[in-house]
Amino acid sequence: MRRRSLTGTAAVFMSAAGLTAALLGAAPAGAATGQPVITLDAPEPVALPAAPATADVSFDFQTKAKNLQAYDATLTVDARGLSKIAKVTFSDNCTAKGLVATCSEMFQSDSSPTTHMGAETSLTLTPLKGAALGAVGTYKVSGHSAHAQIVGGTGRVEVGGPSFGLDKLTDHTGLKVGSTVSEPVRFTNVGNRPAKGVQAVLAASPGLDFADHYANCKYGYNGTIHFAECYPKGAINLGETAALAAPVRLRVNSAALYTYLDTMTVPLGQPGWPDGQGIRWTWGKGSTLKLKVIKAGRKSSVPAGSVSLPQTGDVTDYRITSLQAHNTADFGVSGASAQAGQGKNATLAFHLSAGGPATLYDRSGGEGVPTVWVTFPPGTTAVGHSANCAPWQDHNPTAQAHGPYVCRPPGIVLPKGQVTDFSLTLRVDEVTTHAKGGVQLVWGPDPANSHRPAFDPDSRNDSATLTLN
């Protein structure tokens, strides 16, 4: 099944299996043929809901080969290992003979060091009538192309599973820098199998620090987000409501502005977010975080599961809490000057700087970050610009040649001290002494709709001059 996405910008990271597909055969992939290699990401395990509900299975691949084109690819999905537990329906690009399907695919990569590629091939699984809760089956994926070696893998499917419904968390505004805020974490097993335990994943955005470091939690950092993954002991019975015995306590530090706590509770042993991000984990050295039963569930002879059922309706094991601090983040621009004779080129270098103290972390999709609106000195034509600048209107030759241009920071996290450099190369068509253009800090893509945010009260560094000759 394909789980939630941390990209759409409402969530921090996309959930991924975080495992590497096993290579087939004794030799390293591609060693025998010298061909580029396309590798299947290890499929996430699937828990089948009760019929008539279904579970969908999709596949993701990756390659380190640059500019690869494999338009003749064929995937073979052998689902005979599911014959006792599920009805299998293959996607329209497949030709099936019983539970074995041959599926046409096209793969291509760009110039990136690693390209991630989705596949058209997918499966829809429906549990067979009478299939016992806890029964397990597998399927195999292999592939072929004249232009690449395709490395497949094996997927696991089981009937039924736990499903944790996480209670809503509390949003906060006006938090003081230096304060500590607490967030209780409570969930209910609404699935059809018990769970051996729970793993709680917590992600604190820039401006927040974990106030506690428990011995049964591991902690890591990916350069932006602080993570904690906790393993309190205790089985989760059917219908049981449980909570972390102590709420998550977060310190609000000097970088806090728009901050968030992302929380996920899943059955113990389930792979997923934030696996596969190269995080170095360190175990805490404090006391042990315990689990507290709020409402007792019912015991069952059904085997406990470690894979969550697909979640539907209002049930979710993932929540985002907004924790807004009372703080400021100052942004400013610089100007530039240059000289060039008629017909010559001049490069103007300017920048956007983040003065802090807060880090701006914009999870709206980029609409909440500052941009720089650039107007040209008269008598000039643009002949070049830095990668993060562009004409304000696409497919407009006038804007392409004479502006205005919009320059943007490279991401949605702008910490104190970050300086984003821009450049614009202009041809001087007509020499004018002290010809002036300008740079203006803008919130949003158009100055006409720009509204100064309250967290940046200083307007003195919002504009600067570009001068030629």
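**View 1. The largest cavity encloses about 100 Å³ of space.** This is a predicted model, where local features need pLDDT of at least 70, side-chain atom pairs count only at pLDDT 80 or more, and totals for chains, interfaces and linings use all residues. Residues are numbered from 1 along each chain as its sequence is written, and side-chain values use heavy atoms, with hydrogens and water left out. Searching the whole structure turns up three cavities of 30 Å³ or more. A cavity here is a set of points on a 1 Å grid over the protein atoms alone where a 1.4 Å probe fits but cannot get out, and lining residues have an atom within 4 Å of a point. Points are joined across faces, edges and corners, and the volume is the space filled by probe spheres set on them. Around the largest cavity sit 13 lining residues, with Leu-202, Asp-212, Tyr-214, Val-248 and Arg-249 nearest its centre. By type, the lining splits into 11 nonpolar, no polar and two charged residues; Ala, Val, Leu, Ile, Met, Phe, Trp, Tyr, Cys and Pro count as nonpolar, Asp, Glu, Lys and Arg as charged, and the others, Gly among them, as polar. Strands β19 (226–230) and β21 (248–252) each put at least two residues into this lining. (Strands are DSSP runs of E, at least two residues, and helices runs of H or I, at least four, numbered from the N terminus.)

**View 2. Six strands make an open, mixed sheet.** Reading across, the order is β2-β11-β9-β4-β7-β6, where two strands pair if DSSP finds at least two bridges between them. β2 (46–48) and β6 (94–97) are the edge strands with a single partner each, so one side of each has no neighbour in the sheet. On average, neighbouring strands of this sheet are turned by 25° against each other, direction ignored; the axes are lines fitted to C-alpha atoms, and angles run from 0 to 180 degrees between N-to-C directions. Zoom in on β4 (residues 69–78) and β9 (residues 136–144), and you find an antiparallel pair with five bridges. Thr-76 has Ser-142 in β9 as its bridge partner.

**View 3. Five strands make another open sheet, also with mixed pairing.** Its order is β5-β8-β3-β1-β10. The edges belong to β5 (86–90) and β10 (149–151), each with a single partner strand, so one side of each is left free of a neighbour in the sheet. Neighbours in this sheet are turned by 25° on average, direction ignored. Within it, β1 (residues 37–40) and β3 (residues 55–63) run antiparallel, joined by three bridges. Look for Ile-38, whose bridge partner in β3 is Thr-63.

**View 4. Some backbone oddities: cis bonds before Pro-357 and Pro-404, and a positive phi at His-395.** Most residues other than glycine have a negative phi, and most peptide bonds are trans. From Gly-356 to Pro-357 the peptide bond is cis, with omega near 5°, and Pro-357 belongs to strand β28 (residues 345–357). The Gly-403 to Pro-404 bond is cis too, with omega near 0°; Pro-404 sits in the loop between α1 (397–402) and β33 (405–407). His-395 has a phi of about 60°, and its place is the loop between β32 (389–391) and α1.

Conventions: On a 1 Å grid over the protein atoms alone, a cavity is a set of points where a 1.4 Å probe fits but cannot get out, and a pocket is an open set with protein on both sides within 12 Å along at least five of seven lines; lining residues have an atom within 4 Å of a point.
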